[in-house]
Amino acid sequence: MTILFEHESCLRHDMGEGHPERPDRLRAIQLALAESEFVDLERRSAPLATPQQIALVHPQSYINHIFDTAPKQGRVQLDPDTVMNSASLEAARRAAGAVCAAVDAVMAGETKNAFCAVRPPGHHAEPERSMGFCIFSSVAIAARHAMSAHDLKRVAVVDFDVHHGNGTQAAFWNDTDLFFGSTHQMPLYPGTGAVSEIGVGNIHNFPLPPGAAGIAFRDAMGDGLLPALTAFKPELLLISAGFDAHVDDPLAQLCFETEDYAWVTEVLIAVAADHCQGRLVSSLEGGYDLAALAASVAAHVRALMAA
């Protein structure tokens, strides 16, 4: 069984006309997952992340800034790419809360895996600043939550978004009990993710050049990231599931196909089966061509359900 976490507030978060990180992304996913093949998904409402959970990654000064800045009406610009409207604070808390609740469900044995269809995304949010459409570092928060609430000693995050997850990397930088592995396009926003960025030996970056297709992705995973992940022996595996490396995505220049997302999901499920008792939680990051996003998420969730 796979649990799907979602919440209506994530549709109300709206950064303005023409912004690529738009509510229609979730609507496209909802339509795809409304097909009959997904009838067995257990659908749960994403709870609010508590301030205490958010504080596992973000300092209180930053949390206070976001809570104080959130508008009651209109919009407020947090950084050049990230905007808050009246629904954004709740949506960001629901997004982080979804991943924490998914961890709780997996650790309780209620399901082997879960997918969080939430926004805003999180992997660019650094501990002390919003960035790149992201307000709270949802997956990093969930990793810390897994350690604090469930006494796990080794938690891994794999990020296959086309953009490097600088926020997750920053949150994990000095902690040998946390693993961050990423494939991403380089050069590209946010400019981080070089092979030389290794933290305390727990950061593993595999940049791909513009134009790289699925075969390069599979090689980077199979020859580099997966062996490092297996050596780490995680007790829980989290996925920052960005689908913007798809050939049809407008924000980057990688050339993945929908089948590549099914493949990577299956190989990560196999790692989870070998090391984590199957425990795996995935959360949406990027993906901006609606048709490609819907098809890729469907392939990802289909593989999760088959685990």
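**Helix H9, the core and salt bridges**

User: Which residues of H9 are buried in this predicted model?

Analyst: The model is predicted, and buried here means under 20% relative accessible area. The buried residues of H9 are Thr-258, Asp-260, Tyr-261, Ala-262, Trp-263, Val-264, Thr-265, Leu-268, Ile-269, Val-271 and Ala-272.

User: Which elements do the buried residues of H9 pack against?

Analyst: Three strands and two helices are involved. The strands are E6 (155–159), E9 (236–241) and E10 (280–284). The helices are H8 (214–232) and H10 (290–306).

User: How far apart are the end C-alpha atoms of helix H9?

Analyst: Helix H9 covers residues 258–275, which is 18 residues. At 1.5 Å a residue it should span 26 Å. The computed distance agrees with this, at 27 Å.

User: Which helix gives the most to the largest nonpolar core?

Analyst: This core has 97 residues, and Phe-160, Leu-229, Leu-238 and Leu-268 have the most contacts inside it. With twelve residues, the helix that gives the most is H5 (residues 88–107).

User: What N to O distance separates the side chains of Glu-37 and Arg-302?

Analyst: The two side chains meet in a salt bridge. The pair links distant parts of the chain, 265 residues apart, with Glu-37 in the loop between H2 and strand E2 (42–45) and Arg-302 in helix H10. The N to O distance is 2.7 Å.

User: Is Asp-151 buried or exposed?

Analyst: Asp-151 forms a salt bridge with Lys-153, with the closest N and O atoms 3.1 Å apart. Lys-153 counts as partly exposed because its relative accessibility is 46%. At 53% relative accessibility, Asp-151 counts as exposed.

Notes
Residues are numbered from 1 along each chain as its sequence is written. This is a predicted model: local features need pLDDT of at least 70, side-chain atom pairs count only at pLDDT 80 or more; totals for chains, interfaces and linings use all residues. Side-chain values use heavy atoms; hydrogens and water are left out. A nonpolar core is a set of buried Ala, Val, Leu, Ile, Met, Phe, Trp, Tyr and Cys residues joined through side-chain atoms within 4.5 Å. Buried means under 20% relative accessible area, exposed over 50%, partly exposed in between (1.4 Å probe, protein chains only). Helices (H or I, at least four residues) and strands (E, at least two) are DSSP runs, numbered from the N terminus. The expected span of a helix is 1.5 Å times one less than its number of residues. Contact means heavy atoms within 4.5 Å. A salt bridge is a side-chain nitrogen of Lys or Arg within 4 Å of a carboxyl oxygen of Asp or Glu.
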